[in-house]
Structure formats: structure tokens, C-alpha cells
Amino acid sequence: MAFPTSASLSYIPTSLPLSSSSSSSSSTRPVFPCRSAARPPPPAAEFPSNENPNPSLSDQLRPLSLTLLKQTSPLLLTPSKQNPTWTNPSKPKPSVLLPHRHPRPTHSHNPDLRRLSLLSRSLSVSSSDDDFDKAFPNPLPHSSALLLLNSLRPWHKAHRFFLWLQSKSPSSPLETIFYNVVLKSLRAGRQFSLAESLANEMIHIGVPLDNITYSTLITCAKRCRRFDRAIYWFNKVYQAGLLPDEVTYSAILDVYAELGRREEAVALYERARASGWTPDHVPFSVLAKMFGEVGDYDGIQYVLKEMKMLDMKPNVVVFNTLLDALGKAGKPGLARNLFDEMLAAGLTPDEKTLTAMIKIYGKSRWGRDALDLWDRMRANKWPVDFILYNTLLSMCADLGLEEDAEKLFDEMQQSDRGQRQQPDSFSYTAMINIYGSGGKPDRALKMFDEMLERGVEPNVMGSTCLIQCLGKATRIDDAVRVFNVAIERGIKCDDRLCGCLLSLVALCDEADMSKVAACLEKANPRLVRFVAMLGDEGAQFEEVKEELRGILNEANVDVRRPFCNCLIDICRNRGYPSRRAHEILRLGTMYGLYSGLHTKGSKEWHLNLRSLSIGAAKTVFEEWMEALFDSIEHEETLPQIFSVQTGSGAHRFSQGLAYAFSSYLEELASPFRQNGEIGCFVAMKEDLISWLRSRNSSDGDKQIEV
DNA sequence: CTAGGGTTAG
């Protein structure tokens with residue numbers, strides 16, 4: 001893919017309307033506060049919490065920097081007011097950030113380096129003030145103290161050394177650089193509170209904070225998920241009468257990006273650009289990742305366009321984030337083109353590049369591209385690391401490449417133990433996944449047991465895959481055993497695992513029901529009660545509706561449809577009151593979980609049953625037939641062709657639906673015929689009408705029974 | 001590594 005040439009003038013967010021919020025400005029808090037008017041820090045509650053990487057619409061629309069878009073910030077207006085002769089917009093006066101970086105001292109090679117490095121290692125066993133006193137009876141030279149401070153690990157040793165240095169010069173405070181170095185160490189140790197108190201100490205005793213101090217504080221806050229404090233310290237830069245330089249600026253850009261506050265991040269970027277900033281690679285990587293996170297393809301295009309405009313050649317990191325972003329935006333073809341472009345530009349892909357590409361091909365089920373790339377990796381001796389190994393295994397799982405995965409897994413097992421390439425829970429999960437989705441429960445189970453023997457902790461996904469596979473083979477006792485082992489080993493039951501247990505409820509016979517219910521009781525007792533309610537003839541629709549709504553509200557968005565699918569299966573398989581399956585389907589439809597199943601054209605009406613469970617597919621089909629019968633009765637115009645699609649089972653989770661649905665249609669003696677393509681069933685109008693008429697006259701009841 | 005920013009697995 002070439003960089004896009006049709007460049008629109010500015011980024012228009014795809015998912016968020018701008019217009020609605022641009023009228024209220026009185027309560028907005030400028031990102032670039034006026035120097036004279038120091039503002040109190042924003043309340044922490046104003047920022048989305050850690051658990052919420054995708055803030056609500058209102059969060060995103062909180063017009064923190066929409067003030068920037070409207071250019072109402074006093075600081076931003078001052079240049080033209082103070083300096084009316086400044087009229088060349090192509091060379092704007094820098095107003096929001098420094099055009100240059102903080103100057104750093106050039107380092108002469110210190111002859112003590114080696115000695116100090118050995119010393120820092122010996123101090124790393126224990127480091128008390130006594131140790132420091134013994135090691136340095138004479139005052140330490142400035143540069144040696146700094147080098148040692150920088151090399152002490154973990155953070156508390158550096159911090160203790162810092163305190164010791166402070167105690168050695170009680171009359172004069174340590175210079176900024178000492179604070180900066182120890183702050184870096186505190187960041188590595190994720191000690192934000194301590195870092196912040198040191199920064200406050202600097203302010204208190206008059207040690208100047210510089211851009212290095214601020215950027216370290218901001219990234220430390222970011223790593224500790226204290227985004228509110230990151231923004232607080234960014235505002236502090238302006239309050240102190242300084243301007244951020246491009247490192248500090250990129251750091252805060254990354255904070256907004258991580259918060260998912262995309263408009264504000266873009267506004268920050270554009271404001272800096274407008275004031276003459278020529279960004280380096282970092283902000284593009286930050287923005288690309290931000291857009292990729294939400295699959296915002298237009299956002300990715302915006303990043304490409306900006307780089308193109310600046311005639312900037314992406315480096316490997318930028319390519320990596322762009323490739324990953326395109327994958328997340330569901331554009332495997334564009335990712336492939338961009339990867340080719342990267343090679344054509346003479347860059348060598350690294351582990352992360354290849355991980356991104358293999359992941360994309362696996363998820364898209366582009367088997368040929370995946371295997372082709374794998375061959376090229378080996379032929380070119382491109383670097384491979386542990387994560388790439390595991391990604392290759394997951395790709396094999398996605399594509400059902402059992403033999404390739406086995407070879408790779410063996411390779412990992414034969415690697416040196418020190419290399420950290422021994423299979424871990426991720427690798428085992430991939431193997432369990434391969435065997436599980438290939439219908440080989442024995443091998444999957446063997447993998448799980450082997451994993452436990454080798455002391456590798458199971459994870460929730462591997463356990464879920466295995467339980468699902470054992471469930472499909474109706475090996476309920478094994479499934480229950482695996483569940484209990486997983487729980488004993490500290491697995492936290494997530495919604496997917498709950499859904500998996502729910503599918504066991506649908507599959508097991510009456511004798512095993514209590515064992516499965518006991519598992520589900522540990523995972524989600526509410527579901528156990530709800531299943532009982534569904535089986536109770538006396539339960540009213542309103543009760544079912546309320547309880548289902550509660551359950552779905554508590555559940556993760558992407559398990560809601562699987563939950564309903566499973567519940568429908570349970571109703572049908574366990575002989576619950578026959579209206580129940582239809583009630584769940586109706587409610588699921590009401591909650592928008594089954595939208596887009598029907599397509600009505602003038603020549604053909606189509607029913608898409610892909611990603612439905614067998615029971616849900618049957619129930620949806622029954623409702624469709626009922627609706628069609630009504631249409632016939634009311635003599636509506638019908639098309640010539642009716643088609644149903646179940647999917648061919650290319651996706652491992654939909655395996656079996658085409659087959660099950662085919663025999664179901666045969667049982668019903670329906671006129672639908674599989675039409676060349678697997679999983680595609682077609683009936684002609686006349687055949688369908690006569691079949692529906694005969695069924696409804698012989699049944700006497702409009703409900704189609706199986 | 002040598003005081004500060006960006007990229008990898010369901």
C-alpha cells in the first residue's frame with residue numbers, strides 16, 4: 001500500500017460527533033493553562049479509571065482540549081495579539097512546545113566506570129548507609145555518584161543511595177540531575193507515590209524541575225496507571241512558566257492515547273504541528289497504536305497521511321505499530337501491502353513485525369500467506385523470539401495446522417532451558433486449542449496433564465478450550481475434573497469459561513447435570529438459578545425477561561450472544577417448556593444480539609445462521625418459517641428463492657452446524673437443499689409454500705415441532 | 001545502560 005495521496009485537511013473522528021459538545025466552553029479546562037493563572041489540579045475522579053481503556057462517549061467528549069480546536073486558550077491567542085506582524089502561518093511561532101530538546105551534557109568516558117559497575121553489583125547484595133559509608137569514606141566525585149545512582153537496582157537501593165547522598169550534603173540540596181536519575185529508577189520500580197513526593201520536595205526546597213523531570217514523572221504516572229497525575233504534571237510544566245519539549249509532549253500524547261481520548265490526542269498533536277513542531281517517529285507510533293486499539297481505520301489513514309505530508313520514512317517501530325493497528329482494524333490485505341513496502345524500503349522486520357504479521361494472517365485465516373511468511377522467515381534467518389514462537393503456535397491453532405504446530409512445539413521443548421523458549425501456558429493453550437478444535441479430546445487432555453506435570457500454570461483460555469472440547473465429546477467427568485483443577489490452581493473464572501460451562505449444561509444428560517451445576521455454581525450461581533427458572537413451567541415471561549436482562553448486563557459484551565445461544569440450546573435439549581427457546585430468542589433479539597440475520601431482496605430472501613448454536617439456528621429457522629407462513633396467509637409478494645446459510649465450518653467454532661442443520665432439514669422433510677456450497681441451503685417459492693401449507697394443516701398447531 | 005518519549009501472544 002502506498003501512502004495515501006488524497007489527504008483531507010484535518011482528522012475527522014469516525015465515531016464521535018464533534019458538533020454536540022462544541023457549544024459548552026465555560027466549564028472547560030484548558031490543556032495549556034495561562035502562565036499567570038495557576039489552576040488547581042483536576043480531581044482524580046474526572047479521569048477514566050484503570051479498568052476502562054475505552055471511556056464512555058461523554059468521557060471522550062469532555063472538552064478538555066476542544067478548547068484547542070476552537071483556539072480559545074489565552075496562551076494560544078497571545079502570539080497574534082502581542083505580535084501582529086507575525087503573519088506567516090507556514091512558520092508559526094512555537095507556542096505550545098519547545099522547538100528543541102533539552103540540552104544534555106556530553107559524557108566523557110569515565111575511567112571509573114568499570115570499578116563503579118562492579119561496586120554497584122556488590123552493593124546490590126545489601127545496601128545500607130553503613131555499606132555506603134564503608135565503600136566511600138571520601139567524598140564521591142559528582143560524576144561517579146551519578147553513575148552509581150544510575151546503575152543501582154532495584155529501585156529501593158538507588159533510592160537509599162540517593163538519601164545517603166542527601167545526608168552527605170545537608171547544607172545544599174542535590175542538583176536536578178540527581179533527582180531525575182532516581183526518579184527514573186522509581187519509575188522502573190513503579191513507585192509513583194514516592195516519585196511524586198520527591199518532585200514535590202524539589203518544588204518545596206527550590207530545586208528546579210526541567211523537562212526531563214516532568215517527562216519522567218509523566219511516564220511514571222502512566223506506567224502506574226495514574227493518568228490523572230500524568231495530566232496534572234503536564235499542566236505543571238506551563239504553570240512553572242516552562243514549555244514542554246517534544247519528549248514531554250510525546251509522553252502526554254501517549255497518556256491521552258492510552259486513555260482512548262483520541263480527539264484530545266489529535267488536538268494536542270495538531271496544535272503542536274500548527275505551532276511549528278516537526279515530529280519525529282514517536283508521536284506517530286503513539287497515534288497509530290491508539291487508533292489500532294479501537295480498530296479506527298480512518299485514524300490509521302490520518303497517521304499515514306501526516307507522515308507522507310512530512311515526507312517522513314517510518315522506522316521499524318512505526319511500521320510495527322501500523323501493521324498491528326491495521327490488523328486490529330481488520331485490514332489484512334493492507335497490512336500485507338505495508339509489510340511489502342517496509343521490505344522494499346530496505347528495512348529488516350524484527351520479532352515484533354513478524355509477530356504482528358503472523359497474528360494477522362492467523363486471525364484472518366490466510367493460511368497461504370502465513371505459511372509463505374513462515375518460509376521467508378526461515379530462509380532469511382529473520383529473528384525469532386519466544387513470543388513469536390507462541391504466536392506461530394496460535395496461528396497454527398487458528399488454521400488447524402496440527403503437524404506444523406507439533407514440530408514447532410517439539411522445537412521449543414528441545415531448546416536450552418536457559419533460553420526461555422520452553423513452552424509456557426500460552427504454548428500449551430495453543431496446543432490444547434489445536435487438539436480441542438480438531439476433535440481430539442485425548443490429546444488435548446494429555447497436553448493439559450503434561451503442562452501440570454512440568455509445573456506450568458494453566459490459564460483460563462487453555463482450560464476453557466479443553467473443557468469445551470471434552471464437553472463436545474460428552475466426557476463430562478473429565479470436563480468437571482479439569483474445571484476443578486483449574487479452580488484449585490487459581491484460575492479466575494471469566495465469562496467465557498462460564499459460557500463454556502453453560503454449554504455443558506446443554507450437552508450433558510440428566511445424571512451428570514448435578515456435577516455440572518456444581519461447577520457453574522462456583523462460576524456464576526445466578527446462571528444456575530436462571531437455568532432452573534427456565535425449566536420451571538410456572539415461571540412467567542416477565543420474570544425470565546428481568547433475570548436474563550440482569551445476567552446479560554453483568555456479562556461481557558462479546559459473550560452475550562453465546563450466552564443466549566447456549567440458553568436456547570439448554571431449553572431445547574433438556575425438554576424445557578417449548579415456548580422457552582423462543583422467549584430467549586425474542587429477548588436476545590430485543591437486546592440487539594441477533595440483528596442482521598435476515599436479508600430481503602426482490603429475488604431472494606436470505607437467512608444467515610452463521611455463529612449461531614445448533615439450537616439457536618433451529619429456533620431462528622422456526623420463527624422464519626412461521627413468519628413466512630403468515631406472509632403466505634396474507635398473500636404478500638414473495639421472492640422466487642429462499643436461502644439459509646450456516647457457514648461451512650471453516651471457522652473452528654462453527655464446525656458441525658452445517659451438518660446438524662442439514663439433518664434437521666431432512667427430518668422436517670423441508671424443501672431446502674444444500675446447493676453445491678457446503679452450509680448453503682436453498683428452496684424455491686412454490687416448494688416452500690406447499691411444504692408450509694401441508695405442515696400447518698397436519699399439525700393443527702402453528703408451532704413447528706421437531 | 002551512561003538523566004527523559006513509542007512497538008509483540010486469546
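I'll start with the sheet: it is open, has 5 strands in the order β1-β2-β3-β5-β4, and its pairing is mixed. At its edges are β1, residues 598-600, and β4, residues 673-674, each of which pairs on one side only. Before I go further, note that this is a predicted model.

Take β1 and its partner. β2, residues 604-608, runs antiparallel to β1, and 3 bridges join the two. One of the residue pairs is H598 with L607 of β2. On the other pairing, β2 and β3 are parallel, with 5 bridges between them. L607 turns up again there, since its bridge partner in β3 is V644. As for β3 itself, 4 of its 5 residues are buried, and the strand is mostly covered.

Now the helices on this sheet. Helix α32, residues 614-633, packs on the sheet and touches β1, β2 and β3, the last being residues 641-645; the direction of α32 makes about 155 degrees with that of β2. Helix α33, residues 657-667, also packs on the sheet, where its contacts are β3, β4 and β5 (680-684), and its direction makes about 25 degrees with that of β5.

Stepping back to the whole chain: chain A has 34 helices and 5 strands. Of its 706 residues, 50% are buried. If we take contacts between residues at least 6 apart in sequence, 69% of them join residues at least 24 apart.

Next, the repeats. The unreviewed UniProt entry annotates "repeat: PPR" at residues 210-244, 245-279, 315-349, 350-384, 385-415 and 424-458. I looked at two of these spans in the model. Residues 350-384 are 77% helix and 0% strand, and the end C-alpha atoms lie 8 Å apart. For residues 424-458 the figures are 74% helix and 0% strand, with 9 Å between the end C-alpha atoms.

On to charged side chains. The count of salt bridges is 36. One of them pairs E258 with R225, with the closest N and O atoms 2.9 Å apart. What does that pair tie together? E258 is in helix α12, residues 246-259, while R225 is in the loop between α10 (211-223) and α11 (227-239), so the salt bridge links parts 33 residues apart in sequence. Both ends are partly exposed: E258 has a relative accessible area of 24%, and R225 has 29%.

Compare two further pairs. E306 and K305 form a salt bridge at 3.8 Å, N to O. E306 is buried, at 5% relative accessible area, and K305 is buried as well, at 6%. There is also a network, in which salt bridges that share partners join E293, D324, K328 and K359. The other pair is D311 and K313, whose side chains meet at 3.7 Å, N to O; both of these residues are exposed.

Last, two arginines. R187 sits in helix α8, residues 176-188. R187 is buried but has no salt bridge, and the nearest side chain of opposite charge, D254, is 10.0 Å away. So what is R187 in contact with, leaving aside its neighbours within four places in sequence? The contacts are T216, T219, C220 and R223.

R153 is in the loop between α6 (142-151) and α7 (155-168). Is R153 buried or exposed? R153 is exposed, because its relative accessible area is 55% and the cut-off for exposed is over 50%. The C-alpha atom of R153 is 9.3 Å from that of A188, which is 35 residues away along the chain.

Notes:
Residues numbered from 1 in each chain as written. Chains lettered and ligands numbered in written order. Predicted model: local features only at pLDDT ≥ 70, side-chain atom pairs only at ≥ 80, totals over all residues. Heavy atoms only, no water. Buried < 20%, exposed > 50% of the residue type's maximum accessible area, 1.4 Å probe, protein only. Lys, Arg positive; Asp, Glu negative; His and termini not counted. Salt bridge = Lys/Arg side-chain N within 4 Å of Asp/Glu carboxyl O. Contact = heavy atoms within 4.5 Å. Pairing = 2+ DSSP bridges. Axes fitted to C-alpha atoms, helices over the stretch in contact; angles between N-to-C directions. UniProt positions renumbered as here; feature names shortened; annotations may be inferred.
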